[in-house]
Amino acid sequence: MQSTQTDQTWQAFSQRMTYQGDPYLGAEAFTFTREAVARLNERNVHVLRTLDSLDERRAESADDDTPLMQELQRMDSKINVLLDIVDRLLLPETLLPARQPVSFNAVGALVPASVLPASDTLLIRLHFDACRALPLELPARRGSVSENGRAFIYFCELNEMVEDGLERFVFCHHRRKVAEARLTGVTENVSSSKHEM
């Protein structure tokens, strides 16, 4: 049964666009309770909205060269610096878990198997640079491990708002990578939706 579930979720995962990056990644054993899952869902909606608003504000500083836009961009830069300072004070880098190569979407994630505890039920914490003090905390189950040491985990009990927020986060990250590649003239592969186990 577990194998069938893993196969189905792997198919769903591999057919969707994924975020690929090196966020700070923590993992611990987790016991699923209705109260804990409800609390995580509520918190994750808040974190995704925060990350979304921070990304939107950065994206709005576009190519407009009017004096007003230049002044708004200067203010935006100052706010970003203040947010970064507050973030570092709230959670110094020394207290963060290590950065790890991660691919994820609303279905699950590929992570280094070495960071996972010996438990079938997990809580995955992803800290992003935009707001390191507010991690996504995603309940998950262990899937399969590939020969290259990457483990597939699939998320469980996420409500619709969290799933939608994750999809939007992944899409915005992908769009930003495409835009950066165009600006720098780099022809890197940013589609990142196909995975092999």
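Let me start with Met 75, which is found in helix H3, residues 67–90, and I should say at once that what we are looking at is a predicted model. Met 75 is partly exposed, with a relative accessible area of 42%, and together with Leu 68 and Leu 72 it forms a nonpolar patch on the surface that has about 300 Å² of accessible area.

Turning to the aromatic residues, a search of the whole structure finds 11 aromatic pairs. One of them joins Tyr 19 and Phe 104, whose ring centres are 4.9 Å apart with the planes at 35°, so this pair is tilted. Tyr 19 belongs to strand S1 and Phe 104 to strand S3, so the contact links distant parts of the chain, 85 residues apart. Both partners are buried, Tyr 19 with a relative accessible area of 7% and Phe 104 with 0%. Phe 104 also pairs with Phe 128, and here the centres are 6.1 Å apart and the planes at 45°, so this pair too is tilted. Because Phe 128 sits in the loop between strands S5 and S6, the pair ties together parts that are 24 residues apart in sequence, and Phe 128 is itself buried, at 6%. Elsewhere, Trp 10, Phe 13, Phe 152 and Tyr 154 form one aromatic cluster.

Finally, helix H4, residues 160–184: its 25 residues should span 36 Å at 1.5 Å a residue, and the end C-alpha atoms are indeed 36 Å apart. Asn 159 caps the N-terminal end, with a side-chain oxygen 3.2 Å from the backbone nitrogen of Met 161, while just after the helix Gly 185 takes a positive phi of about 75°. Among the buried residues of H4 are Val 162, Leu 166, Phe 169 and His 173.

Note on methods:
Residues numbered from 1 in each chain as written. Predicted model: local features only at pLDDT ≥ 70, side-chain atom pairs only at ≥ 80, totals over all residues. Heavy atoms only, no water. Helix = DSSP H or I, 4+ residues; strand = E, 2+ residues; numbered from the N terminus. Expected span 1.5 Å × (residues − 1). Buried < 20%, exposed > 50% of the residue type's maximum accessible area, 1.4 Å probe, protein only. Polar contact = N/O pair within 3.5 Å; in protein donor to acceptor, adjacent residues only side chain to side chain. Patch = residues over 30% accessible without salt bridge, like charges linked within 9 Å, V, L, I, M, F, W, Y side chains within 5 Å. Areas by Shrake-Rupley, 256 points an atom, 1.4 Å probe, with all protein chains shown as cover. Salt bridge = Lys/Arg side-chain N within 4 Å of Asp/Glu carboxyl O. Phe/Tyr/Trp six-rings, centres within 6.5 Å; stacked < 30°, edge-to-face > 60°.
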